[in-house]
Amino acid sequence: MLNKIKNFDVNKSGNFYRFLVYMIDNSGLNSYNNFMAKIINVIKGTKDILPQEVGAWQKLEETALNIFSKYGYHEIRTPIFEATELFARGVGDTTDIVNKEMYTFEKSDRSLTLRPENTAGVVRSFIENGMSRLSAPVKLWYKGPMFRYERPQAGRQRQFHQVGVEMFGIKQPAADAEVILLAVNYLKALGLNDLEVEINSLGCPTCREAYKAKIKEVLKPELDNLCEDCRTRYEKNPLRLLDCKVESCKEIFEKPEIKKVIQSDFICEECAEHFKTLKSYLDKTGIKYVENKLLVRGLDYYNRTVFEIKSNNLGSQNAVCGGGRYDSLVKNLGGEDTPAVGWAMGMERLNALLPDVAVKKLDAYIVSTSPSDAFEFAEELRAAGKCVEFDLANKKFTKQLEKASKVANYALILGEDEIKENKVSVKNLETSEQTTVSRDMVLSLI
RNA sequence: GCGUCUGUCGUCAAGUGGUUAAGACCUCGGAUUGUGGUUCCGAUAUGCAUGGGUUCGAAUCCCAUCAGACGCCCCA
């Protein structure tokens, strides 16, 4: 008895109190059977994907395989956790993702981290498996769960899923264009047409440094008037200053002398040429886009092209896709100098834009009083490719038929009369039409 | 990490200080021993997230904790 009690968490005194009340009320020792064990809930920021929702997910995954294959991309599956250092070096240690959002744990003197994104993992695999020796471009795609310790809200969870592509080995803007085209066509294939593509160029490290310096210079006198976040950004990543939403900061950025610097075309000739060519390719393929000079991505590894795809039908987390070029990441992680470009989409956000997919009905439900005959017949139909179920609990005929009408297109009645004559009554549950045929005819009817 | 709002059955909910906590859907059983999807009947919360407080009396008021939703930050 005491052992049984010990199995429950008596510290949650609500349940324990209820248990005591039961003991007193019934003044018996058998009543612990009525005591419900404590329920364990899903972890904050995680979700079950239930059978009625999973159809949309399957569609996302099937469409990904379908579309990406057409462009020659191959799926890669990397581990869900990696060395912490990979993300610190890959994603960048000035980012929020690395600084405060990683699920990190120690095991055997190693620091490991649940992946907050998958570009770093794919790059690690690219290097480790010597893919730089493969004929460029190397085109990879992935899908799977990612983990970030953030406050959950609409379109944001702690475990969420991304589908993404990475292309290695091509420095020409055609790679950027293909990757963007791929994103747009994937979204189109999902039936999502009214999304907005925003692009920008961050320039190369050289021209960006000059730009950063200019911004810092022109903002220096205003430093005290900026919000706290902006003052940190001023030091850490001045480019991020630009999309601040605080009114007082916006006003400062509107001042003519500051606006002039922000909007100046700071990128060097080569970068400008790259960006221009990219735009010409996008124009050629008919992709509509808007240039957004304030578009800066939160991961440190991007250079030149960055882009986002946004929807107006989501909450405040409205970006479904984000990506760009990261020419120095492979080298920074110890590989050969290899240009690369890619993007990731948030599958939960895509899902929010997709209509529900109905749960598929069975082809047939066998209604029978003889489980052994039903087993045999069901296996026969399943072997022929049909989806078939039957009652496993010896329920009454009417109950079986009721169940059939809920879950299947056809009821296959295999009663005593039918079994004797080796026949089956096939009932169309939509039209109520019923015919009795020999067993081998059934497949041609359902 | 900060802010706002919300927690009543598996789900959606009524109830805003008074005794046995409406109703609907779902589920299960029956009407119906071989004909469902319509109909009718019945069953299902010793309790209102949890703990404490105020009160003769609390789902209802107060406090704390926990959880959820949304927003900020950030990102997909």
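RNA strand B is surrounded by 53 residues, of which the closest are Arg148, Arg156, Arg233, Arg297 and Ser432; a residue counts as near a molecule or strand if one of its heavy atoms lies within 4 Å of it. This is a predicted model, in which local features need pLDDT of at least 70 and side-chain atom pairs count only at pLDDT 80 or more, while totals for chains, interfaces and linings use all residues. Residues are numbered from 1 along each chain as its sequence is written, chains are lettered from A and ligands numbered from 1 in the order in which they are written, and side-chain values use heavy atoms, with hydrogens and water left out.

Of the atoms of RNA strand B within 4 Å of the protein, 58% belong to sugar or phosphate, and the rest belong to bases. On the phosphate side, a polar side-chain atom of Lys44 lies 2.9 Å from a phosphate oxygen of the strand, and an N or O atom in the side chain of Lys406 is 3.5 Å from a phosphate oxygen. Arg151 instead places a polar side-chain atom 3.3 Å from a base nitrogen of RNA strand B. Two or more residues of the surface near the RNA come from each of α2 (13-26), β6, α9 (228-236), β10, β11, α16 (397-407) and α17 (416-421). The largest share, seven residues, is given by α16. Helices (H or I, at least four residues) and strands (E, at least two) are DSSP runs, numbered from the N terminus.

Several of these strands belong to an open sheet of eight strands with mixed pairing, in the order β1-β5-β6-β11-β10-β9-β7-β8. Because β1 (74-75) and β8 (290-291) stand at the edges with a single partner strand each, one side of each is left without a neighbour in the sheet. Two strands pair if DSSP finds at least two bridges between them. Within the sheet, β6 (residues 159-168) and β11 (residues 340-346) are antiparallel partners over seven bridges, and Val165 stands opposite Trp343 in β11.

Helices lie across this sheet. Helix α3 (residues 51-70) lies across β5 (138-147), β6 and β11, at about 165° to β5; axes are lines fitted to C-alpha atoms, for helices over the stretch in contact, and angles run from 0 to 180 degrees between N-to-C directions. Helix α6 (residues 119-128) crosses β5 and β6, at about 45° to β6. In helix α12 (269-284), the residues Cys271, His274, Phe275, Thr277, Leu278, Lys279 and Leu282 are buried, where buried means under 20% relative accessible area, exposed over 50% and partly exposed in between (1.4 Å probe, protein chains only). These buried residues pack against α7 (173-189), β7 (196-201), α8 (205-219), β8, β9 (303-310) and β10 (319-325). Just after α12, Gly286 takes a positive phi of about 75°.

Further along the chain, seven of the seven residues of strand β12 (residues 362-368) are buried, so β12 is largely enclosed by the rest of the structure. Strand β12 runs parallel to β14 (residues 408-414), joined by six bridges, with Ser368 opposite Leu414. Three bridges also pair β12 with β13 (residues 388-390) in the parallel sense, and Ala364 stands opposite Val388.

Finally, Thr436 is found in strand β16 (residues 434-438) and is partly exposed, with a relative accessible area of 47%. Beyond its neighbours within four places in sequence, Thr436 is in contact (heavy atoms within 4.5 Å) with Lys423, Val424 and Ser425.

Key. The expected span of a helix is 1.5 Å times one less than its number of residues. A polar contact is a pair of N or O atoms within 3.5 Å; within protein, one must be able to donate a hydrogen and the other to accept it, and residues adjacent in sequence count only if both atoms are side-chain atoms.
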